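Let's take a walk through this structure together, one strand and one helix at a time. Have the sequence at hand as you read.

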Amino acid sequence: MSEDHKNNVEVKESTIAGAGRGLFVCQDFAPGDVVVFLDRPLVAELEVHHMRDTCAWCFQRGATDPVERMQAASMGLPNGLIEIKNCTGCRRVGYCSKTCQSRAWKREHKYECKILAPKERPDLPLQVRAVIKLLGRLQASSGAERERILDILEFWPTGKGNNHLEDICKYDKQKYDDFHMLANAAWHYSGMPALKGLDAQTVAKGFLFNVMCNVFRLSSPLDAAHYGSGFDPITCTANHSCDPNAVLYFNQPSSAMRALKPIKKGEEIFVGYTESTNPFWVRQSYLKETYFFTCQCPKCAKCPVFPEDTWAKRPEDLSEEYCSVADSLIKSHKAELSKFLIGTNESTAQLRLAAMQASVFAVSDNDQSTEEELKSALDMCISSGMWTWTRQPVLELCRRLFSTYMESGNTYKAFRLGCKMHFELLPAFHPQPFYPERLIIAWTLITMSVVLSGPMHSEVYKELAQNGLNLRIIFYGFLFYVCDHIPQLYGWNSPFGRIIENTYKQAMAGTDLSKDEIREKVNKIWPTLEAFSRSLDIISLCNPSESAGRGII
């Protein structure tokens, strides 16, 4: 932990019954304040498919596709400029610089290099690589470093006096068997080391189960890639709440935790283990299936009374058309219905809504869902008249559709949907203007404003201008938004922050107007852009027959 933040928090018994340890603040924090900062998590492992295009130390990715690399370089993005070079020893992992390679070697890579090297050996899963390095570091360490590594063994599910391996075996036998096999593999690959006063095989098992049951996602705000998984005894001590007061994020390679709302001295820190905007029963089901506990946070204690649990009309008022649709879905989604039923209420109306929810969540949760499937699910939510904009999976379907439009090159549809999300959807779900997704969407809208201002989209540019929307001013508006709020999350000294800073400097160098003059123009145009965004009919936008320049306002 950074010296500046080591006195910010303490570990003690959680306020949640049965949760074990928790993380508490030692001083007051305001929204956006850094609560914990780590130079690098104790464990940070790349997914196998990113081992050769992403630096194994700082997690900066270098694009390998020539087209992506050229486009990224033209925009000044790191993945268009970074070159990943393989370790000359194992040739399995790579680094973006000598500095990263040296840091990785001194801390951990020296314990895995020879193990990864044999050409006939397949790439080892991140779980195995993580435990191999932990065993090596433990064997070589002493003092505070040894205690920090051994602290992993205090976590759920194998922590002292809190062994829940039987729960995992009972509820998810496949996960239990997989983790057990991977732990044994790591122990064997490590040479079955001798650990003073410890049984190495048991330690390997504890490391693997405890790390992988408490990991957080490692990704970058600059792209949608999931690079790998991370774990640290400090940040991972924070317990879950469906109404979190802090957010954990990854800054390549540092990670930090910032306050989402005021946290008073002595209060416990809570983060979200699941999508906190999902309906009550969906959250509960996910947490039970994934972490084997029933959430008892203050929000869940009040049961389904929040906006994310609210229907736009009474279930009994579902139209005949959609009653028929729902009836056809009940049999095909019978196994999932209990996840969406309110308590033990199995009335016909509730069964129909449960079937409709099962159907649309199946689409939103599936990474392989097609554009047409996403549109169809979104159409059911909106056209049935049951869903409000603040009920999932409407937002998740919009997220997925937004990414799909971008990947397919349908920039104008992506831009309009992104504006809808920025002005209407995301503020309802995440009121903090610095919330990670809000900054990422705004950044994406910056890049799309540049694309739509180009010669390939001259008709779109002209039509928007005729309606009082100047794309160049819109570009500055979103740029100012990110500049105003990035200090409250990623900070300027981060890969994302440096990109924003460079974009800002280049943008201001390319205009004769002052910052205040541009802000005045932004303030003048912003109500028009917000009205455009709020009036957007997403169902119409999903219509493939809609032309690129039709129905702007």
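Two strands count as paired here if DSSP finds at least two bridges between them. Keep in mind that the model you are looking at is predicted.

With that in hand, start at strand β11, which spans residues 255–259. One neighbour is strand β10, residues 246–250, which pairs with β11 in the antiparallel sense over five bridges. Look for Y249 in β10: its bridge partner in β11 is A256. The two strands form a hairpin with four residues between them, and in that turn Q252 has a positive phi of about 50 degrees.

Now turn to strand β3, residues 34–38, which runs antiparallel to β11 and is joined to it by four bridges. Here F37 stands opposite A256, the residue you already met as the partner of Y249.

How many of the residues of β11 are buried? Five of its five are. In a regular strand the side chains alternate between the two faces of the sheet. In β11, S255, M257 and A259 lie on one side and A256 and R258 on the other, and both faces are covered.

Helix α5, residues 143–150, offers another view of burial: its buried residues are R146, I149 and L150. They cover an arc of only 95 degrees around the axis, which puts them on the same side of α5. These buried residues pack against α4 (126–140) and α8 (200–212). On the face turned away from the buried side, you will find the exposed residues A144 and E147.

Conventions
Residues numbered from 1 in each chain as written. Predicted model: local features only at pLDDT ≥ 70, side-chain atom pairs only at ≥ 80, totals over all residues. Heavy atoms only, no water. Buried < 20%, exposed > 50% of the residue type's maximum accessible area, 1.4 Å probe, protein only. Arc of directions from axis to C-beta. Contact = heavy atoms within 4.5 Å.
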